[in-house]
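Colleague: I've just started reading structures, and words like "buried" and "exposed" get thrown around a lot. Could you walk me through this one?

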Amino acid sequence: MSASAADIDIHRPYLLRYARLHLANPAQAEDVVQETLLAALEGGERFSGRSSLRTWLTGILKHKIIDQIRRSRREQPLADDDQSEADAVDALFAADGHWREAPGDWGNPESALDNGRFWQAFELCLQRLPARTAEVFRMREVMELSTEDICKALDISTTNCWVMLHR
């Protein structure tokens, strides 16, 4: 028993609702449904009829949603204001690569830890990191936990921990 294009297309609205429940971005939900329908059309002969067509399509969709979530975590989009930030940094330097104005004296970096403005800036920086990476970084650098303790607390491998710290 194979699934026809007409049979598959009937389930599109249901699949789209399901995808929107699991993905916050409607465009991503639409994409995974399209990928699901395409996979079902290409592999329609593999549908054996042991389950309902909707169940089979939902199974394909679940895998496509997981793939999308993985892609989203790997591919963090650049913010719209990144170009203006780059322009602001470029404005600090002359054409020959030297500072237009030399930066001021940093003073004592250890005293910065007591400064509330430092911690505000630190938190803003952490918010731009993926949540799990920020958590690992905070545990390592602020709480001064060992890699072993971080891995136990977060139930991650040592390799995963080091990859996140490297990034």
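Modeller: Sure, and keep in mind that this is a predicted model. Let's start in helix α4, where the buried residues are Leu53, Trp56, Leu57, Thr58, Ile60, Leu61, Ile65 and Gln68.

Colleague: What covers the buried residues of α4?

Modeller: Their cover includes α1 (5-9), α2 (12-22) and α3 (26-42).

Colleague: And how do you know that α4 has close to the expected reach?

Modeller: Helix α4 runs over residues 53-74, which makes 22 residues. From first C-alpha to last it spans 32 Å, and at 1.5 Å a residue you'd expect 32 Å.

Colleague: Why is histidine 98 called exposed?

Modeller: Exposed means over 50% relative accessible area. Histidine 98 has 53%, so it counts as exposed.

Colleague: Where is histidine 98 found, and what is it in contact with?

Modeller: Histidine 98 sits in the loop between α5 (82-90) and α6 (109-112). If you skip neighbours within four places in sequence, histidine 98 is in contact with Leu92 and Phe93.

Colleague: What about valine 142: why is that one called partly exposed?

Modeller: Partly exposed covers the range between buried, under 20%, and exposed, over 50%. Valine 142 comes out at 35%, so partly exposed is the right label. Valine 142 belongs to helix α8 (residues 131-142).

Colleague: Which residues form the nonpolar patch with Val142?

Modeller: Phe118, Trp119 and Met143 form that surface patch along with Val142, and together the four have about 340 Å² of accessible area.

Note on methods. Residues numbered from 1 in each chain as written. Predicted model: local features only at pLDDT ≥ 70, side-chain atom pairs only at ≥ 80, totals over all residues. Heavy atoms only, no water. Helix = DSSP H or I, 4+ residues; strand = E, 2+ residues; numbered from the N terminus. Buried < 20%, exposed > 50% of the residue type's maximum accessible area, 1.4 Å probe, protein only. Contact = heavy atoms within 4.5 Å. Expected span 1.5 Å × (residues − 1). Patch = residues over 30% accessible without salt bridge, like charges linked within 9 Å, V, L, I, M, F, W, Y side chains within 5 Å. Areas by Shrake-Rupley, 256 points an atom, 1.4 Å probe, with all protein chains shown as cover. Salt bridge = Lys/Arg side-chain N within 4 Å of Asp/Glu carboxyl O.
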